[in-house]
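Biologist: I'd like to go through this model with you and ask how you arrive at your labels. Can you put it up for me?

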Amino acid sequence: MAYYRNPSDVTALPAWQALSQHRQAMQDFSMREAFAADPQRFSQFTLSSCGLFLDYSKNLITHETRDLLVTLANDVGLKEAIKAQFEGELVNSSEGRPALHTALRRPVGDKLLVNGTNIMPDVHKVLSQMTELVGRIHDGLWRGYTEKPITDVVNIGIGGSFLGPELVSEALLAYTHKGVRCHYLANIDGSEFHELSQSIRAETTLFIVSSKSFNTLETLKNAQAARAWYLAQGGSEAELHRHFIAVSSNNAAAVAFGIREENIFPMWDWVGGRYSLWSAIGLPIALAIGMSNFKELLSGAYTMDQHFLNAPFEQNMPVLLGLLGVWYGNFWGAQSHAILPYDHYLRNITKHLQQLDMESNGKSVRQDGTPVATDTGPVIWGGVGCNGQHAYHQLLHQGSQLIPADFIVPIVSFNPVADHHQWLYANCLSQSQALMLGKTRSEAEAELRANGVAEEQVQKLAPHKVIPGNRPSNTLVVERISPRRLGALVAMYEHKVFVQSVIWGINAFDQWGVELGKELGKGVYQRLTGGDEAPAEDASTQGLINYFRGRHRG
């Protein structure tokens, strides 16, 4: 199956040229003035779907901007590319694979062929396998080596085997199944394992080793550390199968480790790590919130999939957000994008979206191997509000760079305290409002005079109090963070990333840059430990190896 490819450099398309001209015409565009001139601006630049409400009216756009961006999407064949992805074509061209994370949330009756085989029965077989395991643990039927029920589950994985599950299980803490605590072990730094081991008991802990290859360095090292700790705490090799299960495609390695065949959950090469939380990689999620809530998560993602597939681009959330990202990155010079969740339970969404976006679109060649002619993925950063307001929001408001932002906020708190949530919501709205409005020189001067400041001081202080404004942002509102809405939200960002990859003509589903560091790391390790005395490829690396060896104790 061939994958649809944009046959030409996107910057050579008439639609791109039209956007370049439009950008010049928008040089003096003022959002303040646009809102004042058009009472309907909010209603015309908002959208509701899949339990999410998107306000994108505070952007440097007009109706013409949106029309031109949609024309660009049509001209690069976005509709065909979306169809190709959902139908299992080889959208991951460098690895010759489809990217079918969307299949993981499709209904049981659907049919989808990969290499002539319908994959949907296998998808739902794994869901059934997950349901059985989760039920046994929640019902206290899965017992450890002392016959006590499991109380703690530790997910050992890194990257996509960690960030997505951690985000979802924390975001849905209000739905947690009582009696089972979930933990995550990702970093190879021994301090992380040490801290974790202080809060669990070997006899009541189940470890999930999540690694497609079962040889990811960090994951395997942590799994070996967990195994040694389990044995040191009184566990036996014979009972190891009670405390370790795996999510992997390398059954032989997992069995050699001591995991029973029936406790190995499969992974498929058509699911990338950063898109895998919907698969058995999501086991810790299901164990945290229960299988029915996990299926609600899948259902929410499926509704977003259908919206992405079927909604006109002018009313399509992932498409609009992707196009806005192209607008700012390629026509306004924005190099980063802030994700600002105003919800404590969503505090890790920025970390997940960092990997999702930056690992997917951090590319500099197109699908056909030719260099891109424009900037690609932005730096994704941010963090939970209101904390950021007292830290890095200063850069958003008065810094010299244009940094678009997404504000994410629920209407209802799971844990209301007095009027805290009203203040939280107010802060979210006021931050996006301040980014848009800013404060003019005359407003700054008037404010100082109203406070009785002498005119000489007014003139000295006013420049420091001017806030440029006209800074773009989107606001995503949900009634409350539920499994279904969270599924839709995460899927929306997955599709946004794909939209941008299609515009730029790049492959969103490989990550060769990640692989290089892994390969070089093996050689550095051999030189650190004396296994290879040949000099490193460069003097800096060799010098740092020598420094370590000269001072390392133990």
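Biologist: What makes you say that the side chains of Asp-152 and Arg-181 meet in a salt bridge?

Modeller: Bear in mind that this is a predicted model. In it, the N to O distance between Asp-152 and Arg-181 is 2.8 Å. The cut-off for a salt bridge is 4 Å, between a side-chain nitrogen of Lys or Arg and a carboxyl oxygen of Asp or Glu, so the pair qualifies.

Biologist: Which parts does the pair tie together?

Modeller: Asp-152 sits in strand S5 (residues 152-156) and Arg-181 in strand S6 (residues 181-185), so the link is between parts 29 residues apart in sequence.

Biologist: Why is Asp-152 called buried, and is Arg-181 buried or partly exposed?

Modeller: Asp-152 has a relative accessible area of 3%, and buried means under 20%, so the label fits. Arg-181 comes to 43%; that falls between 20% and 50%, so Arg-181 is partly exposed.

Biologist: How do you know that Arg-106 forms a salt bridge with Asp-110?

Modeller: Their closest N and O atoms are 3.1 Å apart, and the limit is 4 Å, so that one counts too. Arg-106 is buried, because its 17% is under the 20% cut-off. Asp-110, at 25%, is partly exposed.

Biologist: How many salt bridges does this rule give?

Modeller: The count comes to 28. Another of them pairs Lys-439 with Glu-447, at 2.9 Å between the closest N and O atoms. Glu-447 is partly exposed, at 29% relative accessibility. There is also a network, in which salt bridges with shared partners join Arg-441, Glu-445, Arg-449 and Glu-455.

Biologist: Let's turn to Ser-57. Why does Ser-57 count as buried?

Modeller: Its relative accessibility is 1%, and the cut-off is 20%, so Ser-57 is buried. Ser-57 lies in the loop between strand S2 (52-55) and helix H4 (63-75). Leaving out residues up to four places away in sequence, Ser-57 touches Phe-35, Arg-41, Phe-42 and Phe-45.

Biologist: And what joins the side chains of Ser-57 and Asp-55?

Modeller: A polar contact of 2.6 Å; the limit there is 3.5 Å, so the distance passes.

Biologist: What lines the largest pocket?

Modeller: There are 40 lining residues, and Ser-213, Thr-216, Val-514, Glu-515 and Lys-518 lie nearest the centre. Helices H9 (217-232), H14 (349-361) and H20 (512-528) each give two or more residues to this lining. H20 supplies the largest share, nine residues. The pocket's volume is about 1,300 Å³.

Technical notes
Residues numbered from 1 in each chain as written. Predicted model: local features only at pLDDT ≥ 70, side-chain atom pairs only at ≥ 80, totals over all residues. Heavy atoms only, no water. Helix = DSSP H or I, 4+ residues; strand = E, 2+ residues; numbered from the N terminus. Buried < 20%, exposed > 50% of the residue type's maximum accessible area, 1.4 Å probe, protein only. Polar contact = N/O pair within 3.5 Å; in protein donor to acceptor, adjacent residues only side chain to side chain. Contact = heavy atoms within 4.5 Å. 1 Å grid on protein atoms, 1.4 Å probe; cavity = no way out; pocket = protein on both sides within 12 Å on 5 of 7 lines; lining within 4 Å. Points joined across faces, edges and corners; volume = space filled by probe spheres on them.
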